[in-house]
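Thanks for sharing this one. Here are my notes, set out as numbered points to read alongside the structure.

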Amino acid sequence: VREAAPPAKTAPEPKRTVRLTHPDRIYWPEAGVTKAGLADHYAEVWPLIAPHLVGRPLALLRCPDGIDGQQFFQKHGWKGMNGRILTPQDPGDPGESVIAIADLDGLLGLVQSAALEIHPWGSTLAQIETPDRIVMDLDPGEGVDWPQMIAAARDVRERMEQAGLAVFLKTSGGKGLHVVAPLKPQAKWPAVKAWCQSLARAMAADQPDRYVATIAKAKRKGRILVDYLRNQRGATAVAPWSTRARPGAAVSTPITWEELGPEIGPAHFTVLNLPARLAAVTDPWADFFARARPLPKG
Ligand code: ATP
Ligand code: MN
Ligand code: MN
């Protein structure tokens, strides 16, 4: 009698059909992460990242020679692009085409095209004028330490929760933090931008020694920029689970509010240490879109 196979712990990996050329090409030299390693990362996070990528306009940071070579920030298709990458029309702006993917092969097409960062819009092609998430991008000015960043993220969370939103957190994989809230896609871009701007301005008005709401470099020294400008039509923010084209192969990683502390810096999680985390903890953003609320009034 044949023994039954043990039940699979996880769903089988979706089939990959995109052929990677030069899979051994090194994209992150000191971390030793190759193109094949990047493809493995995205195959592993596919079920988590898919809702944040599929059917949305995407901007890509392409680095054909890895993070130390030339970088191209691209919002439109290009000649020789992998065939699994789509270039639909912007439904609200006929004549403009955008970059999009529909499936894991599309994501692997982005890997084949050396997309080392993936930056989606905050709305889907299906409802392009009404965003389904807000991202408050916290950028430390010169001299700002990590405890100040932690306090800032908590301040943003409190204000957004007061307004009735469900509030999620991720490392940027760079220098800062992203505080993100899912929205019911009802309010249009200008209203969403205005709401985010007033939140940022209120923080800067209440604690001018800690926060600024304007990009002006001179004002940012020692302060945190509450960058609300990710929340306008055509603006992008790096996707959760996207890699960054920076040393160390950091990944913009969802964390819980309980995890926010001195041990986890903005570039703590990387392509190299993320598999252990994924095996050990459940996705802190598992109910992200299920907890969407309408844009608060006022
Ligand atoms: P950090 O925590 O270091 O601030 P970040 O992702 O928040 O990381 P940046 O990498 O500085 O911030 O990018 C800011 C925003 O501008 C991103 O959300 C991205 O979508 C967009 N962006 C990034 N690179 C370019 C570029 N070369 N051209 C235009 N827009 C860009
Ligand atoms: Mn930032
Ligand atoms: Mn910013």
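Is Trp-241 buried or exposed, going by its C-beta neighbours inside 10 Å?

1. Please keep in mind that this is a predicted model. As for Trp-241, this residue has 27 C-beta neighbours inside 10 Å, so Trp-241 counts as buried. Its place in the chain is the loop between E10 and strand E11 (254-255). Have a look at the backbone there too: Trp-241 is not a glycine, yet its phi is positive, about 80°.

2. Ala-114 makes a good companion to that residue. Its phi is near 60°, again a positive value in a residue other than glycine. You will find Ala-114 in the loop between helix H2 (104-112) and E5. Ala-114 counts as buried because it has 22 C-beta neighbours inside 10 Å, and the cut-off for being buried is 20 or more.

3. Just past that loop is a sheet to trace by eye. Its 3 strands run in the order E4-E3-E5, forming an open sheet with antiparallel pairing. Strand E4 (72-74) and strand E5 (115-120) are the edge strands, each pairing on one side only. On average, neighbouring strands of this sheet are turned by 15° against each other, direction ignored. Between strand E3 (residues 58-62) and E5 there are 5 bridges, in the antiparallel sense. To get your bearings, start at Arg-62, whose bridge partner in E5 is Ala-115.

4. Now for helix H4, which covers residues 189-206 and has 18 residues. From its first C-alpha to its last, H4 reaches 26 Å, close to the 26 Å expected at 1.5 Å a residue. Its buried residues include Trp-189, Val-192, Trp-195, Cys-196, Leu-199 and Met-203, and Lys-193 is also among them. In an α-helix there are 3.6 residues a turn, so residues three or four places apart point the same way. The buried residues of H4 pack against helix H3 (146-162) and against three strands: E6 (133-140), E9 (211-212) and E10 (224-227).

5. Which residues touch the most other members of the largest nonpolar core? They are Met-136, Leu-138, Val-179 and Val-226, in a core of 76 residues. H4 supplies the largest share of this core, with 8 residues.

6. Met-136 is a handy place to centre your view. Leaving aside residues up to four places away in sequence, Met-136 touches Val-156, Val-179, Cys-196, Val-226 and Tyr-228. Of these, Cys-196 is one of the buried residues of H4, and Val-179 and Val-226 appeared in the previous point as well-connected core members.

How values were computed. Residues are numbered from 1 along each chain as its sequence is written. Chains are lettered from A and ligands numbered from 1 in the order in which they are written. This is a predicted model: local features need pLDDT of at least 70, side-chain atom pairs count only at pLDDT 80 or more; totals for chains, interfaces and linings use all residues. Helices (H or I, at least four residues) and strands (E, at least two) are DSSP runs, numbered from the N terminus. The expected span of a helix is 1.5 Å times one less than its number of residues. A residue is buried if 20 or more other C-beta atoms lie within 10 Å of its own, exposed if 12 or fewer, and partly exposed in between; C-beta atoms are placed from the backbone. Two residues are in contact if their C-beta atoms, placed from the backbone, lie within 7 Å. Two strands pair if DSSP finds at least two bridges between them. Axes are lines fitted to C-alpha atoms, for helices over the stretch in contact, and angles run from 0 to 180 degrees between N-to-C directions. A nonpolar core is a set of buried Ala, Val, Leu, Ile, Met, Phe, Trp, Tyr and Cys residues joined through C-beta atoms within 7 Å.
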